[in-house]
Amino acid sequence: MQLRTVLDVNVVDVQKRRNPSKHYVYLINVTYSDSSSHVIYRRYSKFFELQMQILDKFPIEGGQKDPKKRIIPFLPGKVLFRRSHIRDVAVRRLKHLDNYCKALMKLPSQISQSEEVLKFFETKLDDLNPPTEDCGAAGKRKSAVPSVVSTNDLKFNSSAAERLEESEMPPKMK
């Protein structure tokens, strides 16, 4: 039996979750090689874990020896913010996470279809039965059916993006 691979990924929305504690998840439409597609839900911390796994497994492609040869995309870095700005940060990250996922899918198959990437994008039990009382990017209570957010409406400061990318780099690469 051939392993199902990931063909396309679109980060389309952000939702607030309340269990086990308050946090945000990103809604990701994933299309697979078996012609199926699913919406999966991932926290930013899961993207960060994936990035660290990929950089560890592919140090040359991650630019550890020569930063000019890096092909693995930068993940928007962790941001320190006040509690009142958590939602704004989650919404601003949406477009950058979408770009990150698209860039990841364009990498050579040894990376884009690696065990770590496939596991991240696989449909989990929690993805099939998401909570129904969450809030989406619009901040209103809604069902778990995703609504598409126009990423053209999201504004982002490019110098801030550069600082975010630097914050993701290992200390020896800065």
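The largest pocket of this predicted model has a volume of about 580 Å³. Its lining is made up of 23 residues, and those nearest the pocket centre are Tyr41, Arg42, Lys46, Lys124 and Asp126. Several elements come together around this space: E2, strand E3 (37-42), H1, H4 and helix H5 (125-128) each supply at least two residues of the lining. Tyr41, one of the residues nearest the centre of the pocket, also has a charged partner, as arginine 17 lies over the face of tyrosine 41 at 4.8 Å from the ring centre.

Helix H5, which contributes to the pocket lining, is also the place of leucine 128. Is leucine 128 buried or exposed? Its relative accessibility is 52%, so leucine 128 counts as exposed, the cut-off for that class being over 50%. Leaving aside residues up to four places away in sequence, leucine 128 touches His38 and Thr123. Leucine 128 also illustrates how the fold brings distant parts of the sequence together: 89 residues separate it from valine 39 along the chain, yet the two C-alpha atoms are 8.2 Å apart in space.

It helps to step back to the chain as a whole. The protein chain has 6 helices and 3 strands, and from the N terminus on these elements follow the order β-β-β-α-α-α-α-α-α. Of the 174 residues in the chain, 40% are buried. Among contacts with a separation of 6 or more, 63% are between residues 24 or more positions apart.

Turning to the interior, the largest nonpolar core has 32 residues, and the members that touch the most others are Tyr26, Phe47, Ile54 and Phe121. Strand E1 (6-17), strand E2 (23-32), helix H1 (44-57), helix H2 (86-105) and helix H4 (115-121) each supply at least two residues of this core, with H2 giving the largest share, 8 residues. E2, H1 and H4 thus appear both in the core and in the lining of the largest pocket. The surroundings of isoleucine 54 show what such a core member meets: beyond residues up to four places away in sequence, it touches Ile72, Tyr100, Leu104, Ile111 and Val117.

Aromatic residues deserve a paragraph of their own. The structure holds 4 aromatic pairs. In one of them, the ring centres of phenylalanine 120 and phenylalanine 121 are 4.8 Å apart and the planes stand at 90 degrees, so the pair is edge-to-face. Both phenylalanine 120 and phenylalanine 121 are buried. Together with Tyr26 and Phe47, these two residues form one aromatic cluster. Three members of the cluster, Tyr26, Phe47 and Phe121, are also among the residues that touch the most other members of the core. A further ring is paired with a charge: the charged end of arginine 93 sits over the ring of tyrosine 44, 3.7 Å from its centre.

A last site of interest is the loop between H2 and helix H3 (109-112), where leucine 107 lies. What is the burial state of leucine 107? With a relative accessibility of 10%, leucine 107 counts as buried, because that class takes in values under 20%. Leucine 107 touches Ile71, Ile72, Pro73 and Ser112, not counting residues up to four places away in sequence. For one of these partners, isoleucine 72, the C-alpha atom is separated from that of leucine 107 by 7.5 Å, although the two residues are 35 residues apart along the chain. Isoleucine 72 is also touched by isoleucine 54.

Terms used: Residues numbered from 1 in each chain as written. Predicted model: local features only at pLDDT ≥ 70, side-chain atom pairs only at ≥ 80, totals over all residues. Heavy atoms only, no water. Core = buried A, V, L, I, M, F, W, Y, C linked by side-chain atoms within 4.5 Å. Buried < 20%, exposed > 50% of the residue type's maximum accessible area, 1.4 Å probe, protein only. Helix = DSSP H or I, 4+ residues; strand = E, 2+ residues; numbered from the N terminus. Contact = heavy atoms within 4.5 Å. Phe/Tyr/Trp six-rings, centres within 6.5 Å; stacked < 30°, edge-to-face > 60°. Lys NZ or Arg CZ within 6 Å of the ring centre and 35° of its normal. 1 Å grid on protein atoms, 1.4 Å probe; cavity = no way out; pocket = protein on both sides within 12 Å on 5 of 7 lines; lining within 4 Å. Points joined across faces, edges and corners; volume = space filled by probe spheres on them.
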